[in-house]
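Here are my notes on the model you sent over. I've kept them as numbered points so you can follow along with the structure open.

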Amino acid sequence: MDRRHFFQNTALVTTGALAGCALPGVAQHKPRTPFDVAATYLPIVGSDEMFPVRRIYCIGRNYRAHAIEMGSNPDREPPFFFQKPTDAIQYVPAGTVADHPYPPLTKNYHYEAELVACLGKGGKNIPAEKALDLVYGYTLGLDMTRRDLQRAMGDQKKPWEIGKSFDRSAPIGAVHRVTQTGHFSQGAIWLKVNGELKQNANLNLMIWNVAEQISKLSEANELFPGDIIYCGTPDKVGPVVQGDVIEMHIDGLPNLSVKVV
Ligand code: MN
């Protein structure tokens, strides 16, 4: 069976509720529908359960050196977030090199190596001191970016969604439960292209740590189990072309590798 199909098959239950809760109009139990729509799941390491992905949030410019290279003020401005569609996920099993399609419309396709926090609880206006209680686990992922489109749209003061939120723009590994890994406040994060080191930093260089990101995000949106947060990329982002192999690493997690095809 095609791996994408397997990990994005039909949901039997969706989040929210018709029966008394958070988001009106979101069904708790699957109603009769004229066709099925895929839902997205990630494997949980050491478990036969799957992690259901509800939303993909991504923080922007969360490492000082990356903020500078993107031409923005590196001072500690309020964090900002964007989203990718859930079905942008491309699950990449550890120990494999998944084919990753070069997307249409771009001539400047960039990697961004990122820690990903996966929530098992939700809430709003979560204080930073309690925010880590929401984390179910962690993984690592690539926030793939059509940089030319992102920049062009930004220059025109239009939404840069087309540069960030497109098919397969979120390669990601399996979820590791925090009970097994602990939280990630420091540790090496690096990315290689064809074996050559491109990004090389430490998680402790994040401007907003994981707890602060969750806290800030929960002021803008109520968070729910299944939400995941791409925690930002270090500096030295750069382009890849067809044939390139990307390998990324975070201390304590298995490496993630894709080949651009
Ligand atoms: Mn990013």
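1. Start with Gly-137, which sits opposite Arg-177 in strand E12. Keep in mind that this is a predicted model. The Gly-137/Arg-177 pairing belongs to the antiparallel match between E9 and E12 (residues 176-177), a match made of two bridges.

2. E9 has another partner to look at. Strand E8, residues 113-119, runs antiparallel to E9, and seven bridges hold that pairing. If you want a landmark there, find Val-116: the residue across from it in E9 is Thr-139.

3. Is E9 mostly covered or mostly open? Mostly covered: the strand spans residues 135-142, and of those eight residues seven are buried.

4. Now the metal. The manganese ion takes its protein donors from Glu-112 (OE), Glu-114 (OE) and Asp-143 (OD), at 2.0 to 2.1 Å. Along the chain, the donors read as E-x1-E-x28-D. Glu-114 and Asp-143 tie together distant parts of the chain, 29 residues apart: Glu-114 belongs to strand E8, while Asp-143 lies in the loop between E9 and E10. Both Glu-114 and Asp-143 are buried.

5. There is also an open sheet of three strands, ordered E10-E7-E16 and paired antiparallel. Its edges are E10 (145-146) and E16 (238-240), each of which pairs on one side only. Between E7 (residues 109-111) and E16 you'll find three bridges, again antiparallel. Tyr-111 is a handy marker here, as it faces Gly-238 in E16.

6. Follow the chain on from E16 and have a look at Gln-242, in the loop that leads to strand E17 (245-250). Buried or exposed? Gln-242 counts as exposed, because its relative accessibility is 56% and the cut-off for exposed is over 50%.

7. Exposed or not, Gln-242 still has company. Setting aside neighbours within four places in sequence, Gln-242 is in contact with Tyr-102, Val-260 and Val-261. With Val-261 there is a polar link as well: the Gln-242 side chain reaches the backbone oxygen of Val-261 at 3.4 Å. Lys-259 is worth checking too, since its C-alpha lies 7.9 Å from that of Gln-242, although the two are 17 residues apart in sequence.

Technical notes:
Residues are numbered from 1 along each chain as its sequence is written. This is a predicted model: local features need pLDDT of at least 70, side-chain atom pairs count only at pLDDT 80 or more; totals for chains, interfaces and linings use all residues. Side-chain values use heavy atoms; hydrogens and water are left out. Buried means under 20% relative accessible area, exposed over 50%, partly exposed in between (1.4 Å probe, protein chains only). Helices (H or I, at least four residues) and strands (E, at least two) are DSSP runs, numbered from the N terminus. Two strands pair if DSSP finds at least two bridges between them. Contact means heavy atoms within 4.5 Å. A polar contact is a pair of N or O atoms within 3.5 Å; within protein, one must be able to donate a hydrogen and the other to accept it, and residues adjacent in sequence count only if both atoms are side-chain atoms. Donors are N, O and S atoms within 2.8 Å of the metal (3.2 Å for Na, K and Ca); water is not among the atoms, so sites may look incomplete.
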